[in-house]
Amino acid sequence: MLKFILRRTLLMIPQLILLSLVIFMLAKAMPGDAITGAFMGNPDATPEQIEKIREKFGLNDPWYVQYGRWLGKAVQGDFGMSYTHQQPVTTLIAGRVENTVLLSLFTAIMIYLIAIPLGIIAGRWTDSWADKLIVTYNYVAFATPTFVFALLMLFVFAFVLGWFPYTGSVDIKIESGTWAYMVSRAEHLVLPVMSGAIIGTVGTIQYLRNDIIDQKTKEYIKTARAKGVPEGRVYSRHILRNSLLPIAAFLGYEITGLIGGSVFIETIFSYQGLGQLFIQSINLRDFTVVTALVLISGTAVVVGTMLSDIILSLVDPRIRIE
Amino acid sequence: MKNPVLEIKDLRTSFNIKGDYYAAVDGVSITVHENEVVAIVGESGCGKSALALSVMGLHEQKNTKLDGQVNFGGQNLLTLTRSRLDKVRGKDIGMIFQDPMTALNPLATIGRQIEEPMDYHMKLSASEKKKRTLELLRRVGIKNEQRVYEQYPHELSGGMRQRVVIAIALACDPVLLLADEPTTALDVTIQAQIMDLMKELQNQMKTGIILITHDLGVVAEMADRVVVMYAGEVVEIADVKELFENPLHPYTRSLLNSIPSNMESKEKLHVIDGIVPSLQNLDRNGCRFAPRIAWIPQEDHEETPEMHEAAPNHFVRCSCYKTFYFPEDRVGEREYVATNS
Ligand SMILES: Nc1ncnc2c1ncn2[C@@H]1O[C@H](COP(=O)(O)OP(=O)(O)O)[C@@H](O)[C@H]1O
Ligand code: SF4
Ligand SMILES: [Mg+2]
């Protein structure tokens, strides 16, 4: 078991190196570099001056030297300066990580709270009216782009009904650390979380429904019934245990996936998170920030996949011994 | 005669296929007595599993229609509610399934799976359950029972798993055991071991057993009575000795001809070609077997074949057995069309 975890963790190293290489290459291929940004607003700089500074910052070194230097700094949390915000990228990101993590976490929780009961109902009572309703919801959710739905939510619940604030992540007038501050944060989270969750249930419902329908026909379910196990227990002890297992295992993957995937939601709700920063930085061509964000969300996915594999190995006896 | 344990009367199991119901078990009546082994033989697709699953109430309710009676313990199982049926299944009737690779829950330990029926049918403490389970494991020939108790199905071989499946069926001391081809999915050497175990268990217990198998060697060794099925119907029933010595129905005779040892002792014997038609394609008028013995003239077949008692306790569907012959028997005597010419 420990050996498996260790091996799985070590496997992350080549994955991360590959990821960073690809991102580094892409960053290089983008127009401009760290220096261009710094001189953007200064048309007086002569080519000679720029060249001198390029030399000083090592931008004329071979690519692998640059890559090594960049990676070394990144590992220490130094992603350079954002020229638009005129502060270190790390500081800029740190202020937003908490918001995005909260958003992702609550969205994931909501997704499971909605998808698991619906998936179970649809799978257990296939072709019932409840199943048909759930399948219809699933198709509609599948066909609706997240940003369209988020805009609709914003329009209805914030603009027309006025139940929730429609911008930001907290009311800036409230002092941080107070109860009112927490409430305000929660209020600001409701619409972004619900917009992401209601659309985000699609995969889980679909998966769960299909898997339950599949498990129902398995021989070991006949064995369970032949033992005299009541139908409710046939589901809770046998079918659901098998069907929910991959979902539990996907938890790590799902949450870290959301960290990189809340771009639209954050932008539409002007929620001060990483996704919003990402879009802003792209619009402003602030590539040091973009590169750092891509690296972070890529790393999150790699770590999430590893977590999922480890959880799966913990809950599924078939994987344990390998 | 001993007490009957199970009385299947005119059982008809029909499946919904594209809107219409087709009978896979078509008016079957079989009685199993205490301590009696009744073997059911017949080609793949003739309705043996459908019959066993009907007795256990394991067919999907939505697309299955069950008629007739399955009398067991003074009640007709077909009319029981699910909760009443759950008091019988796993307690008084145990079932052994064909494929041990899929018959066990991949996520539960062997110990839990054997203890599960005890949870519902016996009032035992956790330690008593464990003790009983370890005993059962030993009884089915598992020697390192302490270890196997903790293991998961994927850690065991097919033969070991089938022993576990048998232990589950025996967990609450059933009075009736249904075994649906318990060795078909196993390697040949393992098959013999599992059959030996079944025989040994049968000698120790008073359980009535329905043993579904294609292995006529096993039938000869274990069965008291044999039921031959064809296309959803019973075509012949007799005590095992009588059936092997004096098979009457053409289908039974063809089955016996297909045993290799007979092949050697006699010369070339006729084995009837063809397969059981699918449910939709089966002609249910007149003799179901007639299309496969085309050399017998139409007028020899009974209109709608009934069960005839040809000898005491020896029943055969239709009287054609009196005039039936294989084409080889009468070359030149009478015109015929052999199906395998
Ligand atoms: N659930 C079902 N739905 C439709 N047809 C079925 C079903 N179960 C069995 N059958 C059909 O019934 C016939 C008998 O099947 P089965 O009892 O499995 O045969 P056997 O066990 O003798 O090989 C076959 O033609 C099979 O295709
Ligand atoms: S003659 Fe009778 S027993 Fe023989 S095949 Fe026809 S119906 Fe069946
Ligand atoms: Mg079968």
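User: Which classes of residue make up the shell around ligand 2, and how many of each?

Analyst: The shell has seven nonpolar, two polar and one charged residues. Ala, Val, Leu, Ile, Met, Phe, Trp, Tyr, Cys and Pro count as nonpolar, Asp, Glu, Lys and Arg as charged, and the others, Gly among them, as polar. Arg317(B) is one of the residues around the ligand, and Arg is on the charged list. The shell also includes Cys287(B), Phe289(B) and His301(B), a residue being near if one of its heavy atoms lies within 4 Å.

The model is predicted: local features need pLDDT of at least 70 and side-chain atom pairs pLDDT 80 or more, while totals for chains, interfaces and linings use all residues. Residues are numbered from 1 along each chain, chains are lettered from A and ligands numbered from 1 as written, and side-chain values use heavy atoms, without hydrogens and water.

User: Why is the contact of Glu116(B) with Lys227(A) called a salt bridge?

Analyst: The rule asks for a side-chain nitrogen of Lys or Arg within 4 Å of a carboxyl oxygen of Asp or Glu. The closest N and O atoms of this pair are 2.9 Å apart, so the pair qualifies. Two such bridges are found across the interface of chain B and chain A.

User: What area is buried between chain B and chain A?

Analyst: About 2,300 Å² is buried, 56% of it from carbon and sulfur atoms; this is the accessible area (1.4 Å probe) lost on putting the parts together, summed over both. Leu107(B), Glu116(B) and Tyr120(B) supply 27% of what chain B buries, more than any other three residues.

User: How do you know that β1(B) and β2(B) pair?

Analyst: Pairing requires at least two DSSP bridges. Strands β1(B) and β2(B) share eleven, in the antiparallel sense, so the criterion is met. Within this pair, Glu7(B) stands opposite Thr31(B). Helix α1 of chain B packs on the sheet, touching β1, β2 and β4, and makes about 110 degrees with β1(B). Contact means heavy atoms within 4.5 Å; angles run from 0 to 180 degrees between N-to-C directions of lines fitted to C-alpha atoms, for helices over the stretch in contact.

User: What makes β6 and β11 of chain B edge strands?

Analyst: The open, mixed sheet runs β6-β7-β8-β3-β9-β10-β12-β11. Strands β6 and β11 each have a single partner, so one side of each is left without a neighbour in the sheet. Strands are DSSP runs of E, at least two residues, and helices runs of H or I, at least four, numbered from the N terminus.

Notes
Buried area = accessible area lost by both parts, 1.4 Å probe.
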